[in-house]
Amino acid sequence: MSYKVDHEYDYLFKVVLIGDSGVGKSNILSRFTRNEFCLESKSTIGVEFATRTLQVEGKTVKAQIWDTAGQERYRAITSAYYRGAVGALLVYDITKRQTFDNVQRWLRELRDHADSNIVIMMAGNKSDLNHLRAVSTEDAQSLAEKEGLSFLETSALEAYNVEKAFQTILFDIYHIISKKALATQEASSTSVPHGTTINVSNMSSNTGNKACCSN
Ligand SMILES: Nc1nc2c(ncn2[C@@H]2O[C@H](COP(=O)(O)OP(=O)(O)O)[C@@H](O)[C@H]2O)c(=O)[nH]1
Ligand SMILES: [Mg+2]
């Protein structure tokens, strides 16, 4: 008799989507995980999370990306949303200045609720609407530098830089994790052995996906 051990990935990384309502978080997620885009906003019907598996430096990484179901509108995101997250994509809308001004508020939220080593990428979404631009790339770049964030402009509509944004986050997380693992190995080979758990893959996945776009 044989049995199959379910090891379809080497790492599972939880990444949260945050940012004001209407900036395009759900569409960034559907673009990345299903290559879909919805023109109408369906902010009340959100997914809990969606996953996509990809290769990072020869390892199979499963990205579990969490989306809000519109709670951000009421500033009511709970700490459970951030629990276990190793990455965050903080999205604003390049055509709405207020959504960029609120980036600081989202960073405070991350500081309060998320792991201090969380990898953060800021994304200025809707780059296809350049004619309506209200936030310059330079302003965003200097904020990103000041706050130590990665930064890209994206378009969920045109599938521009969405893939790259997630790849960058996952790559950065992978590097932090593999450095930690190396440090642990070195420490255990030079001193009394002790176990260290790198907590990246023990999130429960009893919550299911709900479709955002049914078309
Ligand atoms: N032009 C354009 N519209 C977008 C883009 N991403 C999202 N939208 C639109 O912006 C609205 C809000 O998107 P949604 O993903 O629901 O935002 P969320 O509230 O942050 O999840 C919807 O009408 C989308 O069609 C984009 O890259 N370009
Ligand atoms: Mg949404």
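**Close-up views of the predicted model**

**View 1. Surroundings of ligand 1.** Among the 21 residues around ligand 1, those that come nearest are Gly 22, Asn 27, Cys 38, Leu 39 and Asp 128; a residue is near a molecule or strand if one of its heavy atoms lies within 4 Å of it. This is a predicted model, in which local features need pLDDT of at least 70 and side-chain atom pairs count only at pLDDT 80 or more, while totals for chains, interfaces and linings use all residues; side-chain values use heavy atoms, with hydrogens and water left out. Residues are numbered from 1 along each chain as its sequence is written, and chains are lettered from A and ligands numbered from 1 in the order in which they are written. The shell around ligand 1 comprises seven nonpolar, eight polar and six charged residues. Nonpolar covers Ala, Val, Leu, Ile, Met, Phe, Trp, Tyr, Cys and Pro; charged covers Asp, Glu, Lys and Arg; the others, Gly among them, are polar. Helix α1 (residues 25-34) gives the most to this shell, with three residues.

**View 2. Polar atoms facing ligand 1.** A nitrogen atom of ligand 1 is 2.7 Å from an N or O atom in the side chain of Asp 128. For the side chain of Asn 125, the distance from an N or O atom to a nitrogen atom of ligand 1 is 3.2 Å. A polar backbone atom of Val 23 lies 3.3 Å from an oxygen atom of the ligand. Of the 580 Å² of accessible area that ligand 1 has on its own, the protein covers 90% (Shrake-Rupley method, 1.4 Å probe).

**View 3. The Trp 66 and Tyr 81 ring pair.** The structure holds seven aromatic pairs (ring centres of Phe, Tyr and Trp, the last by its six-membered ring, within 6.5 Å; planes under 30 degrees apart are stacked, over 60 edge-to-face, the rest tilted). The pair of Trp 66 and Tyr 81 is edge-to-face because the ring centres are 6.5 Å apart and the planes stand at 80°. Trp 66 belongs to strand β3 (residues 59-66) and Tyr 81 to helix α2, so the pair ties together parts 15 residues apart in sequence. Ring pairs link both residues with Phe 49 and Tyr 82 into a cluster.

**View 4. Glu 72 in the loop between β3 and α2**. Glu 72 is buried, with a relative accessible area of 7% (buried is under 20%, exposed over 50%, partly exposed in between; 1.4 Å probe, protein chains only). The side chains of Glu 72 and Lys 25 make a polar contact at 2.8 Å (a pair of N or O atoms within 3.5 Å; within protein, one must be able to donate a hydrogen and the other to accept it, and residues adjacent in sequence count only if both atoms are side-chain atoms).

Conventions. Helix = DSSP H or I, 4+ residues; strand = E, 2+ residues; numbered from the N terminus.
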